[in-house]
Amino acid sequence: MIDHNRPWLRAFKVQEQKKRSASRDFFNSWVSVCVAETITIPIDTIKVRLQLQGELGAAKTYNGVVDAFVSTARAEGVAGLFKGLAPALLRQSLYGTFRYGTYDQIKQRIAGNSQGQISLWEKIAAACIAGAGGSFIAVPCDLVKIRMQADTAGTRYRNTFAAFRDIMRQESFRGMWRGAYPTCARAAVGAMTELPVYDEVKRLVLEKELVEDGFPSHVVAALCAGLFSTFWMNPFDVAKSRVMNQKISHGTPALYSGLLDCFVKSVKSEGLGSLWKGFLPAYVRIGPRVVIIFVVLEHMRTLD
């Protein structure tokens with residue numbers, strides 16, 4: 001009979017529980033982000049197209065969010081709204097799963113063995129590391145997703161894997177990470193504003209007894225976190241879309257050399273407001289998306 005009071009056995013069991021907990025965090029995150037991505041990608045497609053239209057003084061194609069939806073559906077069918085879904089799901093399987101799955105793990109490591117409440121700054125640091133790390137890993141998927149969403153004719157790439165192959169051939173392996181800097185900056189800003197704000201708002205509304213614990217508190221916290229993160233992420237999101245979508249050909253210099261160059265050129269040609277292009281669909285997407293992610297995530301945690 002096994003003696004359960006042995007210290008080494010108890011330590012082994014604790015270690016096994018930690019491993020299972022980490023694996024479960026990743027699985028829960030993967031399910032949550034993939035469900036949310038599938039439901040909200042039509043809004044993301046519209047966001048990308050609004051961010052790119054009128055680029056550096058070019059003619060505008062759409063007169064707003066509604067017109068973009070209607071025009072896209074008429075010209076390309078409903079499937080046009082779901083362009084880039086395959087690389088988007090692949091991206092979320094890497095980025096979203098890593099970001100949400102490592103957040104709690106990193107947060108606990110930063111806090112150490114402290115039994116007290118984790119500070120806001122510790123949450124921000126954990127979210128920043130999780131967001132930037134996951135984003136860098138998934139840059140090639142993001143690159144293909146944006147180019148497919150921007151391709152109204154649907155002729156740029158045959159499918160996701162053909163896109164990876166063509167980019168490798170035409171732009172080299174390094175080209176697969178084009179736009180990595182604005183992408184990681186966007187992710188870090190988004191993570192450090194969304195995840196900690198969600199935690200803090202949820203804690204405050206429960207402390208003040210403004211809403212009940214459960215679905216109401218999840219929704220309130222998620223909507224507040226989504227609004228805050230969307231505002232601060234949007235300039236980086238616009239730069240990411242433009243840097244990634246630019247066409248690269250041998251002998252022709254790139255339209256943008258990087259994040260700051262894109263900021264400067266966009267503001268000079270289109271004004272400061274250009275950095276917040278696509279804000280409405282970005283929040284219309286991110287608000288429900290964050291709700292879906294956290295509600296699914298919280299529900300799955302109850303199944304552990």
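A search of the whole structure finds three cavities of 30 Å³ or more. Here a cavity is a set of points on a 1 Å grid over the protein atoms alone where a 1.4 Å probe fits but cannot get out, and its lining residues have an atom within 4 Å of a point. Grid points are joined across faces, edges and corners, and a volume is the space filled by probe spheres set on the points. The model is predicted: local features need pLDDT of at least 70, side-chain atom pairs count only at pLDDT 80 or more, and totals for chains, interfaces and linings use all residues. Residues are numbered from 1 along each chain as its sequence is written, and side-chain values use heavy atoms, with hydrogens and water left out.

**The largest cavity**

Select Arg-91, Gln-92, Arg-186, Arg-285 and Arg-289: of the 18 residues that line the largest cavity, these are the closest to its centre. The space enclosed there is about 160 Å³. Next, colour the helices H1 (7-52), H3 (85-111), H5 (139-150), H7 (180-207), H8 (215-245) and H10 (279-302), each of which supplies at least two residues of this lining. Helices (H or I, at least four residues) are DSSP runs, numbered from the N terminus. By class, the lining has 11 charged, two polar and five nonpolar residues. Asp, Glu, Lys and Arg count as charged; Ala, Val, Leu, Ile, Met, Phe, Trp, Tyr, Cys and Pro as nonpolar; and the others, Gly among them, as polar.

**The second largest cavity**

Now select Lys-47, Arg-186, Thr-230, Met-233, Asn-234, Asp-237, Ala-282, Arg-285 and Ile-286, which line the second largest cavity. Its volume is about 70 Å³. H8 gives the largest share of this lining, four residues. The lining divides into four charged, three nonpolar and two polar residues.

**A buried salt bridge and its network**

Select Asp-44 and Arg-285, which form a salt bridge with their closest N and O atoms 3.8 Å apart. The pair links distant parts of the chain, with Asp-44 in helix H1 and Arg-285 in helix H10, 241 residues apart. Both Asp-44 and Arg-285 are buried; buried means under 20% relative accessible area, exposed over 50%, and partly exposed in between (1.4 Å probe, protein chains only). A salt bridge is a side-chain nitrogen of Lys or Arg within 4 Å of a carboxyl oxygen of Asp or Glu, and the structure holds 22 of them. Extend the selection to Glu-37, Lys-47, Arg-91, Asp-142, Lys-145, Arg-186, Asp-237 and Lys-240, which are linked with Asp-44 and Arg-285 in a network of salt bridges.

**Pairs within one helix**

Move to helix H7 and select Glu-200 and Arg-203, whose closest N and O atoms are 2.8 Å apart in a salt bridge. These two residues are three apart in the helix, so about one helical turn separates them. Glu-200 is buried at 14% relative accessibility, whereas Arg-203 is partly exposed at 26%.

Then select Asp-261 and Lys-265, which meet in a salt bridge of 3.2 Å, N to O. Both lie in helix H9 (residues 259-270), four residues apart, about one turn of the helix. Asp-261 is partly exposed at 21%, and Lys-265 is partly exposed at 30%.

**A nonpolar surface patch**

Finally, select Leu-90, Leu-94 and Ile-137, a nonpolar patch on the surface with about 210 Å² of accessible area together. Accessible areas come from the Shrake-Rupley method with a 1.4 Å probe; for residues, only the protein chains shown count as cover. Patches are made of residues with over 30% relative accessible area and no salt bridge, with nonpolar side chains (Val, Leu, Ile, Met, Phe, Trp, Tyr) joined within 5 Å and like charges within 9 Å. Leu-94 lies in helix H3 and is partly exposed, with a relative accessible area of 34%.

Key: On a 1 Å grid over the protein atoms alone, a cavity is a set of points where a 1.4 Å probe fits but cannot get out, and a pocket is an open set with protein on both sides within 12 Å along at least five of seven lines; lining residues have an atom within 4 Å of a point.
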